[in-house]
Amino acid sequence: MMRYLYFLLTFCFLILWSSCRKDFDFSPSTGTLQFSKDTVYLDTVFTNIGSSTYNLKVYNRSNNDILIPSIKLALGNSSNYRLNVDGIAGKTFQNIQILAKDSIFIFVESTIDFNNFSNPNGKFLYTDQIEFDAGANLQKVELVTLVQDAIFIYPNRDNSTKVIETLKLNVGGEILETALQGRELRPNELTFTNTKPYVIYGFAAVPNGETLTINAGARVHFHDNSGLIVAEGASLKVNGAFSTDQKLLENEVIFEGDRLEPGFSDIAGQWGTIWLFGGSLNNTINYATIKNATVGILCDGNPNVPTEKLKITNSQIYNSSSFGILGRNTSIKGENVVVNNSGQSSVAGTFGGKYNFTHCTIANYWNGSRQLPSLLLNNFVLDEDNNATITDLTQANFNNCIIYGNDNPEILLDEIEDASVVFNFKFTNCLIRFQNNNNNFKGPNYDLTDTNHYVGNIFNKDPNFKNANENMLIIGEKSEAKNKGLPSFATQVPFDILNVNRTAAPDIGAYQYIVFPTGN
């Protein structure tokens, strides 16, 4: 009984002691807080697009529990920044406690309307401060965001029903309504300049009979699940030019996502695709960088047009979560094209068609598992019941190309044999990764001695890329591709992707070799 009474009294004492504990047990802040950084830079954002979330850590290094009377944004409720202090959202906070030798997190975001500010150069540096305490104990952390103006292209939204406009396309003279959010480009939107970046929400479609022209130096950004469609009877002309500054790429046309923060610079699958519909005509892409898409370019139909449906030159396609270039019974000509880091194949010519690539580097160093090689060719498509429709692979020629990657093999020739169709392909003077150690790949398509399909190729030798994992696919002086290009193809494409003359001693691939600095 006495023991029970003792424990009861002890328990009551603890309850009373804890219930009587007040804020005065915390010492007032004395202006000695420490911070993980003195300025929080929120990187560049587009107007009216929310930033990523950034964090600031606030330390109490003292031996006392402290109370911060106030934490607030200097601009108060008018600030375009948002805070979350130790799990509580707001712009002004009172009596924030930090235990001795402990810390709290503050998370910072911003959404800023460029039109509220005046700047002739299309950029505005927006700043504010987080203020801790006041008077003699006042401490501040700076907040800085670079806001960039842009031209926004987005579908209409019905304010009463909240329904977002879906895309209607003219296919064979019939107007088909799709489930894709988006709209056709208007006449005043059919030329993209380099004055401001373009930000596209949903799918923007080039209408039948129209041409979208994209000038050198233009920047085109896509929101999640967005892309560009070139409809039947329409054309795309990407008129990039060589850039003397290979970091700035001032004349390149760049297609990428709309998240500008460095953490998103190489994240695959941020947007949809550039989709060249069946019936689109005379599409050309020169000096473009296409990065971080689901499919870089999706090219459909028209395998037998007099000139190729798509001609792509001096261009780079990186970090596609599915395919870099996916052709479906179509015609593509590529020169000085570099493709790398694709979740499936970097180049896929499927359901037959016509493909001609000269002095290209088709690589795949995808960081993760993938089911397909760098280059896939097939002559069929499967329906939902797994029934195959077969058609002609009229030609698939690869000349002076590097076809390589971090898997083996890096080519797959997936033919369904049928006497009524052809499966024509040829690799001439290419550097290819293909090892058939266990004789898994059988049949005439993999007879590397058959000169109808293979002439003068080099297999399984080191291309000596500078850093394939970082999309640096220029080759070094130790490359097996050095001086191995056939001059007859080099004269067809006399300058490499960096505008270096290759005719005197051509290398295989899109680049002429360089001497890497020590350590590369």
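In this predicted model, Lys 333 is partly exposed, at 29% relative accessibility. Its side chain forms a salt bridge with Glu 335, the closest N and O atoms being 3.8 Å apart. Glu 335, by contrast, is buried, with a relative accessible area of 12%; this value falls under the 20% limit for burial, and therefore the bridge joins a buried acid to a partly exposed base.

Side chains of opposite charge can pair when their charged atoms come close. The count of salt bridges in the model comes to 9. Among them is the pair of Glu 410 and Arg 370, with an N to O distance of 2.6 Å. This pair links distant parts of the chain, the two residues being 40 positions apart. Glu 410 lies in the loop between β35 (402-405) and β36 (411-414), whereas Arg 370 lies in the loop between β30 (361-364) and β31 (375-378). Both partners are buried, because the relative accessible area is 0% for Glu 410 and 10% for Arg 370.

A further salt bridge connects Glu 189 with Arg 186, where the closest N and O atoms are 3.8 Å apart. Glu 189 counts as buried at 14% relative accessibility, while Arg 186 is partly exposed at 39%. These two residues also belong to a network of salt bridges that includes Arg 183.

The loop between β35 and β36 that holds Glu 410 also contains Pro 409. A cis peptide bond joins Asn 408 to Pro 409, with omega at about 0°. Backbone geometry is also notable at two asparagines. Asn 95, in strand β8 (residues 92-98), has a positive phi near 50° and is partly exposed, with a relative accessible area of 43%. Asn 329, in strand β28, likewise has a positive phi, near 50°, but counts as buried at 18% relative accessibility. Most residues other than glycine have a negative phi, and most peptide bonds are trans.

Strand β28, which spans residues 323-342, gives the most to the largest nonpolar core, with 4 residues. This core comprises 58 residues. The members that touch the most others are Ile 214, Leu 236, Phe 255, Phe 398, Ile 403 and Phe 427. Leaving aside residues up to four places away in sequence, Ile 214 is in contact with Phe 192, Leu 236, Lys 237, Val 238, Asn 239, Val 253 and Phe 255. A second core, separate from this one, has 29 residues, including Ile 68, Leu 83, Ile 112 and Val 147. In soluble globular proteins, nonpolar side chains tend to be buried together.

Asn 399 is located in strand β34 (residues 393-399) and is buried, with a relative accessible area of 10%. Beyond residues up to four places away in sequence, Asn 399 touches Phe 357, Thr 358, His 359, Thr 428, Cys 430 and Phe 489. The C-alpha atoms of Asn 399 and Asn 457 are 9.5 Å apart in space, with 58 residues of separation in sequence.

Rolling a probe the size of a water molecule over the atoms shows where empty space is left. Across the whole structure, 2 cavities of 30 Å³ or more are found. The largest cavity has a volume of about 60 Å³ and is lined by Phe 242, Gln 246, Glu 252, Tyr 287, Asn 314, Gln 316, Ile 497, Leu 498 and Tyr 511. By class, this lining has 5 nonpolar, 3 polar and 1 charged residues. The second largest cavity has a volume of about 30 Å³. Its lining consists of Thr 44, Val 45, Phe 46, Ile 49, Gly 50, Asp 258, Arg 259, Leu 260 and Glu 261, which divide into 4 nonpolar, 2 polar and 3 charged residues.

Among the pockets, the second largest has a volume of about 220 Å³. The residues lining this pocket include Tyr 154, Pro 155, Asn 156, Arg 157, Ile 164 and Gln 181, together with Tyr 201, Gly 202, His 223, Asp 224, Asn 225 and Ser 226. The lining of the second largest pocket contains 4 nonpolar, 6 polar and 2 charged residues.

Technical notes:
Residues numbered from 1 in each chain as written. Predicted model: local features only at pLDDT ≥ 70, side-chain atom pairs only at ≥ 80, totals over all residues. Heavy atoms only, no water. Core = buried A, V, L, I, M, F, W, Y, C linked by side-chain atoms within 4.5 Å. Buried < 20%, exposed > 50% of the residue type's maximum accessible area, 1.4 Å probe, protein only. Contact = heavy atoms within 4.5 Å. 1 Å grid on protein atoms, 1.4 Å probe; cavity = no way out; pocket = protein on both sides within 12 Å on 5 of 7 lines; lining within 4 Å. Points joined across faces, edges and corners; volume = space filled by probe spheres on them. Nonpolar A, V, L, I, M, F, W, Y, C, P; charged D, E, K, R; others polar. Salt bridge = Lys/Arg side-chain N within 4 Å of Asp/Glu carboxyl O.
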